[in-house]
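Open the model in your viewer and keep the selection panel at hand. The tour goes from the sheet to its helices, then to the empty spaces.

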Amino acid sequence: MSTYLVFGATGNVGRRVVERLARDGAAVRATSRTPRTAKLPPGVEVVTPDLEAPGVLDDVEAAFLMWPFHSAEPARPLVDALRRGVRRVVFMTGGGARPGLAPEEQPNPVARWHATVERLIERSGMEWTVLSPSTFMANTLWWSRQIREGDTVCGAFGSLAMAPIHEDDIAAVAVHALTGSGHAGRRYSLTGPEVLTQAEQVRVIGEAIGRALRWRELSPEQERARLLADPEFPDGFVEELLAGYAKMAAAPPPAVSPTVRDITGMPATPLSVWAAEHAAHFDGGPRGAAVTEAGARRP
Ligand SMILES: NC(=O)c1ccc[n+]([C@@H]2O[C@H](COP(=O)([O-])OP(=O)(O)OC[C@H]3O[C@@H](n4cnc5c(N)ncnc54)[C@H](OP(=O)(O)O)[C@@H]3O)[C@@H](O)[C@H]2O)c1
């Protein structure tokens, strides 16, 4: 039986890819630096993310790849290892990577790393599909501590519009691209079903959890100080986030893409549904305290 390799299998999207493949009865090999604590479904083989290790690519038909690294340095050895053993790769790139631009022309380092991987994959001889998702709904967990502690969310760029996507919708498209035909050489832009400002996202989360949440606008300077003082937010990501938001705020608002529905046959999931699923993260009671491990993740 063909095996599917999922790299970054404990992440927001990778875990959903594993769960979907396992539910469909596929053989799954998943990577985690800590296999013993990966908590993946029974029957999934969990290995460390060393693709040169003996057996890791045995029988692998297709691989899901995301980029957890803070440089493009591992790109060549990793793609070389894949191309020696794998016929098809589905790569989830970063939202900032602009199609058609060479890595050196990309607007920031994160986009350059992702574009480097895209280029190597496209020239590798493997069948490839690139998924370019919009902002993950999981990013709203950055507000979870404020919401657990009160009804006001403070932040900058409250009128910034996004089309946030449920991580499971990205995974659903990834599974189609891994297991189906007709996706080779395609680059899919994926969004959620609605365009919402940050302030509107806070309101939608409030409605889903039965509370009247408000947005309070901060200047970018105030937001920088707030984020640097937040023990759950990575300091090294503050400038990147604020610069990214300033750039997005100066650009036209995003459009909703029909690709999730086109590929999966199911409409993309609204934020209200995601928020109801994750209500415990925003709950100030003991239930909320038990799920704070979600933490902040790098977009
Ligand atoms: N958040 C957004 O809005 C957004 C939007 C568009 C694109 N993206 C892109 O999505 C990617 C992040 O995806 P995600 O949120 O699903 O991942 P994530 O939740 O941040 O999880 C990271 C995954 O990578 C693994 N990992 C971390 N460091 C590793 C290393 N050094 N070597 C091998 N594996 C490592 C982790 O596994 P273990 O800890 O178990 O080893 C985990 O499974 C980034 O490339 C980001 O640019 C994000």
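Two strands count as paired if DSSP finds at least two bridges between them. The model you are looking at is predicted.

**Stop 1: a strand pair.** Select residues 60–66, strand β4, and residues 88–92, strand β5. They pair in the parallel sense, over five bridges. Now pick Ala62: it stands opposite Arg88 in β5.

**Stop 2: the whole sheet.** Show every strand of this sheet. In what order do the seven strands run? The order is β3-β2-β1-β4-β5-β6-β9. The pairing is parallel and the sheet is open. Colour the edges next: β3 at 45–47 and β9 at 186–190. Each of these edge strands pairs on one side only. Look along the sheet for its twist, which averages 20° from one strand to the next.

**Stop 3: two helices.** Select residues 14–23, helix α1. Helix α1 packs on the sheet and touches β1 (3–6), β2 (27–31) and β4. Its direction makes about 165° with that of β1. Then select residues 75–85, helix α2. Helix α2 lies across β1, β4 and β5. Against β4, helix α2 runs at about 160°.

**Stop 4: the second largest pocket.** Stay with α1 and select Arg16 and Arg20, which are among the residues lining the second largest pocket. Add His166, Asp168, Asp169 and Ala172, also part of that lining. Complete the selection with Val260, Thr264, Met266, Pro267, Thr269 and Glu277. The volume of this pocket is about 150 Å³. Which elements give two or more residues to its lining? They are α1, α5 (167–179) and α9 (259–264). Helix α5 gives the most, with three residues. By class, the lining has five charged, four nonpolar and three polar residues.

**Stop 5: the largest cavity.** Turn to the enclosed spaces. The count comes to two cavities of 30 Å³ or more. The largest cavity has a volume of about 170 Å³. Select Trp142, Trp143, Gln198, Leu241 and Tyr245: of the 23 lining residues, these are the closest to the cavity centre. Then display α6 (198–209), α7 (220–229) and α8 (238–250), the elements that give two or more residues to this lining. Colour the lining of the largest cavity by class to finish: 14 residues are nonpolar, six polar and three charged.

Note on methods:
Residues numbered from 1 in each chain as written. Predicted model: local features only at pLDDT ≥ 70, side-chain atom pairs only at ≥ 80, totals over all residues. Heavy atoms only, no water. Helix = DSSP H or I, 4+ residues; strand = E, 2+ residues; numbered from the N terminus. Axes fitted to C-alpha atoms, helices over the stretch in contact; angles between N-to-C directions. Contact = heavy atoms within 4.5 Å. 1 Å grid on protein atoms, 1.4 Å probe; cavity = no way out; pocket = protein on both sides within 12 Å on 5 of 7 lines; lining within 4 Å. Points joined across faces, edges and corners; volume = space filled by probe spheres on them. Nonpolar A, V, L, I, M, F, W, Y, C, P; charged D, E, K, R; others polar.
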